[in-house]
Amino acid sequence: MKKLWQVLLALALSLALVFSFTACGMLDDIFNSGGEDDKNQDETSGDDETAKADPLGYALGKLAEEEYVTVNFQGDYTASEAGYEYEESVEITVQLAKNADYGYDARLYGVNDGHRGDLILKDGVGYTGQERNGEMYYTKSNDVDLTPIPMLTETVGQIPEILQTAKNLVGWSEFPGIYEQISDENGGRQLTLELDLEEMRLGLLDKLDAFDETPLASYSDLMDTLFDEDITLNQMIEVIDGELADYDVTLEDILCDPVLFVFIASIPINSSETGRIINQIMENWMIDPAQAAYEFLRGYLGEALGSVLAAPEEGETVYAYLTRCFGAFKVTGLIDLFSGESGSGARVFAEIKQGFAQMQQEGMSVYDLLEWALFPQEESGYIRAEFSRLSLEGSRILLECSFDGETRLTSISFDFELDADVTFSSGRIETYLTDVTAEASLSYDALTISAPADEYLIV
């Protein structure tokens, strides 16, 4: 129970930090620059268009402008699996109030399966509530560990953009089983999204069949271009963006700051300072991702890079910073630089091309390559076999969101119904039933978050 409330507090704090650190930057990207008068017109026009096309993403961004936010949440979970029944319910209220020094004060309280909980963050101090004889008593923590939260908040803050990129990549508007409607209602707007999971499963199987009919040989020229020993980073990005153009996305859209952070942090570097520097980067990443990347590179490769490693410019994204510093470098040279071994980049490229050529000779398809990359230990046809033995008839996800006249999110309802039949190799069929319902209402009225009174503090 204590762990559950700690997770919920982390989510609440993450939401608060998203409001104060990430969303404003997202909104800035929506508007075009220009003369002052033209800029105001463009902002208004861009504002309206974004709100109409993506009201949920727009509303999440606008939350950063709110001084106060209250979310009342209620959810129920029931499941049946192999004769076992599961049931759980939760009622939670999350309150956020802007704090000039700490971003937001926050309080999260409610009931989970009859157990009361209360978590408070006030002026950077945390209080964990425990119920005793009908009264709530609190343990105080002056050293609230927010280290895990920055990366989470960075990711949450980019959810609208990440979802839009994912939509474009999967062909959201044309993918079977996806039904989305945005309408005007009661002076505001209404978003309804329904996913028919069985239709989506069948659509995915059709896509896998199409992959299986596409030979790897059709990509031989692309592979030769991408893994040319002399190709620079900027040239490689240009080639990739050309391939992504049909999906209306760019490599920059896909490689958001959290993904780049994971990539950078996973680079093997021979240094005893690795752990210390990585921890420092995690702490600084949310404040200024490009600066954190700069400190990382300077700590490891400062001498090797010399004047090439310039400090990031104000407001520069990690993607823009890295391409500015290293875009003119050969990719093979960059591999040499980070591995610390001369010639390793050329060797890696040669091995990739050789492996791809061998796959072509064996008549492999794009599906075969996908399966080999994801499940190298499984037999051929594994992915399609797994989806084929699953039936999701009657399974669906329904999301409904309401927005007021200012396109502020006012309510969300979520319903997940899973009715899955899984056929095993023996012919036995097992059924899994799950029903998750949740609803939340949001208000923006003024509120006060206070620390617990001294008599309710546990020393």
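Partly exposed means a relative accessible area between the buried limit of 20% and the exposed limit of 50%. The views below come from a predicted model.

**View A. Asp123 and Asn133 are two loop residues with positive phi.** Most residues other than glycine have a negative phi. Asp123 is not a glycine, yet its phi is positive, at about 55°. The residue lies in the loop between β4 (115-122) and β5 (125-132). Its relative accessible area is 35%, so Asp123 counts as partly exposed. Asn133 also has a positive phi, near 55°, and is a residue other than glycine. Asn133 belongs to the loop between β5 and β6 (135-141). With 84% relative accessibility, over the 50% cut-off, Asn133 is exposed.

**View B. Helix α7 meets helix α17.** Two packed helices are described by the angle between their axes and the distance between the axes. Here the helices are α7 (residues 197-212) and α17 (residues 366-374). Their axes come within 5 Å and cross at roughly 110°. Angles of 65 to 115 degrees count as roughly perpendicular, so α7 is roughly perpendicular to α17. From α7, the contact involves Leu208, Phe211 and Asp212. From α17, Val366, Tyr367, Asp368 and Leu370 take part. By class, the α7 contact with α17 holds five nonpolar and two charged residues, with no polar ones.

**View C. Buried residues of α17 and their cover.** Val366, Tyr367, Asp368 and Glu371 are buried in α17. Their cover includes α7 and α18. Val366, Tyr367 and Asp368 also appear in the contact with α7. Tyr367 has a charged partner as well: Arg384 lies over the face of its ring, 4.6 Å from the ring centre.

**View D. Ala385 in helix α18 and its distance to Leu205.** Helix α18 spans residues 382-388 and contains Ala385. Ala385 has a relative accessible area of 43%, so this residue is partly exposed. Along the chain, Ala385 and Leu205 are 180 residues apart. Their C-alpha atoms are separated by 9.7 Å.

**View E. Helix α15 packs with helix α16.** The axes of α15 (residues 331-339) and α16 are 7 Å apart. The packing angle is about 120°. That value falls outside the 65 to 115 degrees of the roughly perpendicular class and is not over 145, so α15 is oblique to α16. On the α15 side, the contact has Val331, Thr332, Ile335, Asp336 and Ser339. On the α16 side, it has Ser344, Gly345, Ala346 and Phe349. By class, the residues of this contact divide into four nonpolar, four polar and one charged.

**View F. The aromatic pair Phe227 and Phe349.** A pair of aromatic rings is described by the distance of the centres and the angle of the planes. The model has five aromatic pairs. In one of them, the rings of Phe227 and Phe349 have centres 5.1 Å apart. Their planes stand at 80°, so the pair is edge-to-face. Phe227 sits in the loop between α8 (220-226) and α9 (233-244), and Phe349 in helix α16 (residues 344-361), so the pair ties together parts 122 residues apart in sequence. Both Phe227 and Phe349 are buried. Phe349 also takes part in the α15 contact of View E.

**View G. Arg107 over the ring of Tyr109.** The charged end of Arg107 sits over this ring. The distance to the ring centre is 4.3 Å.

Technical notes
Residues are numbered from 1 along each chain as its sequence is written. This is a predicted model: local features need pLDDT of at least 70, side-chain atom pairs count only at pLDDT 80 or more; totals for chains, interfaces and linings use all residues. Side-chain values use heavy atoms; hydrogens and water are left out. Axes are lines fitted to C-alpha atoms, for helices over the stretch in contact, and angles run from 0 to 180 degrees between N-to-C directions. Helices (H or I, at least four residues) and strands (E, at least two) are DSSP runs, numbered from the N terminus. Angles under 35 degrees count as roughly parallel, over 145 as roughly antiparallel, 65 to 115 as roughly perpendicular and the rest as oblique. Contact means heavy atoms within 4.5 Å. Ala, Val, Leu, Ile, Met, Phe, Trp, Tyr, Cys and Pro count as nonpolar, Asp, Glu, Lys and Arg as charged, and the others, Gly among them, as polar. Buried means under 20% relative accessible area, exposed over 50%, partly exposed in between (1.4 Å probe, protein chains only). Rings of Phe, Tyr and Trp (its six-membered ring) pair if their centres lie within 6.5 Å; planes under 30 degrees apart count as stacked, over 60 as edge-to-face and the rest as tilted. A charge sits over a ring if NZ of Lys or CZ of Arg is within 6 Å of the ring centre and within 35 degrees of the ring normal.
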